[in-house]
Amino acid sequence: MTFLDSLVDRLDTLPPGLLLLVAAAVLAGEVGLLAGLVLPAATTMLTVGLLARAGRVDLGVALAVTTTAAFVGDQLGYLEGRLLGPRLRGGPVGRWVGEPRWRRAEALVAARGGTAVLLGRWTAFVRTLVPRVAGAAGLPYRRFVLFDGLAVVVWVPGTVLVGWAAGGLPAGLPAAAGVAVVVAVALAVAFRRLRVRRRRAGRRACSGPVPARAGGTRRRPGSRRPGEGRTAPVRRGAVDRC
């Protein structure tokens, strides 16, 4: 039995109201309480979608509850970052999160500003830190709300609907599709790394100052070599590799 099957079985035993309350607590706590480092928010949304497909909860109510909960959690994270600032990173929570994760979130916010809030929602672990980093960095709240609202409205209902759609597929097809997606992503990453390596190798081959030839003749002021100042003809078949 997979973790998702176990989670579905556990939530399926709860009344519909309590089920949505648990899902909302997980989504709000993912960012608001930094619980996203241990709680499977995305898996919870997929489970809600599966249970909505089975008729355990109303799909419209589930979408409204989960979207609102995720949005509220992000606002709590932003408020915490605005109030505590750098002290949050240097405290026990910051040490528990880890320096590399903080640096990734800070680099994203510094480079992209409000767009980082939109992009961070789609990255595991980063989405739990970006609202706090945005608050600590002084990102205007209006800008944060705009980009965060767009991200939540797309990410949360989209994930729930994926679970809802997967509930109507034949057994084994979701797993096969997941494997296909993983393989496609792996191939795309490998291809991108190969292109980056080739580009860096080309830059190294073309970089470096051109050494002056020893014993070179010095030109007199006002003199000009034959052809200097005019565009030299390109040899047939010559290739500029740099």
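**Helical organisation and two local sites**

Read along the sequence, the protein chain of this predicted model follows the pattern α-α-α-α-α-α-α-α-α-α-α, and its secondary structure accordingly comes to 11 helices and 0 strands. Of the 242 residues in the protein chain, 32% are buried. Among the contacts with a separation of 6 or more, 77% are accounted for by residues that stand 24 or more positions apart. The protein chain exposes about 15700 Å², of which carbon and sulfur atoms supply 63%.

Gly120 was examined as one local site; this residue lies in helix H8, which spans residues 114-120. With a relative accessible area of 1%, Gly120 is classed as buried, because this value falls under the 20% limit. When residues up to four places away in sequence are not counted, Gly120 touches Leu108, Val126, Arg127 and Val130. Of these, Leu108 is 12 residues apart from Gly120 in sequence, and the C-alpha to C-alpha separation of the pair in space is 8.0 Å.

A second site concerns charge at the surface, where Arg192, Arg193, Arg195, Arg197, Arg199, Arg200, Arg203 and Arg204 form a positive patch. Arg195, one of the residues of this patch, is found in helix H11, which comprises residues 173-206. The relative accessible area of Arg195 is 46%, so this residue is partly exposed, the value lying between the 20% and 50% limits. The same value is over the 30% required of patch residues, whereas Gly120 in helix H8 has a relative accessible area of 1%.

Notes:
Residues are numbered from 1 along each chain as its sequence is written. This is a predicted model: local features need pLDDT of at least 70, side-chain atom pairs count only at pLDDT 80 or more; totals for chains, interfaces and linings use all residues. Side-chain values use heavy atoms; hydrogens and water are left out. Patches are made of residues with over 30% relative accessible area and no salt bridge: like charges are joined within 9 Å, nonpolar side chains (Val, Leu, Ile, Met, Phe, Trp, Tyr) within 5 Å. Accessible areas come from the Shrake-Rupley method with a 1.4 Å probe; for residues, only the protein chains shown count as cover. A salt bridge is a side-chain nitrogen of Lys or Arg within 4 Å of a carboxyl oxygen of Asp or Glu. Lys and Arg count as positive and Asp and Glu as negative; His and the chain ends are not counted. The place of a charge is taken as NZ of Lys, CZ of Arg, CG of Asp or CD of Glu. Helices (H or I, at least four residues) and strands (E, at least two) are DSSP runs, numbered from the N terminus. Buried means under 20% relative accessible area, exposed over 50%, partly exposed in between (1.4 Å probe, protein chains only). Contact means heavy atoms within 4.5 Å.
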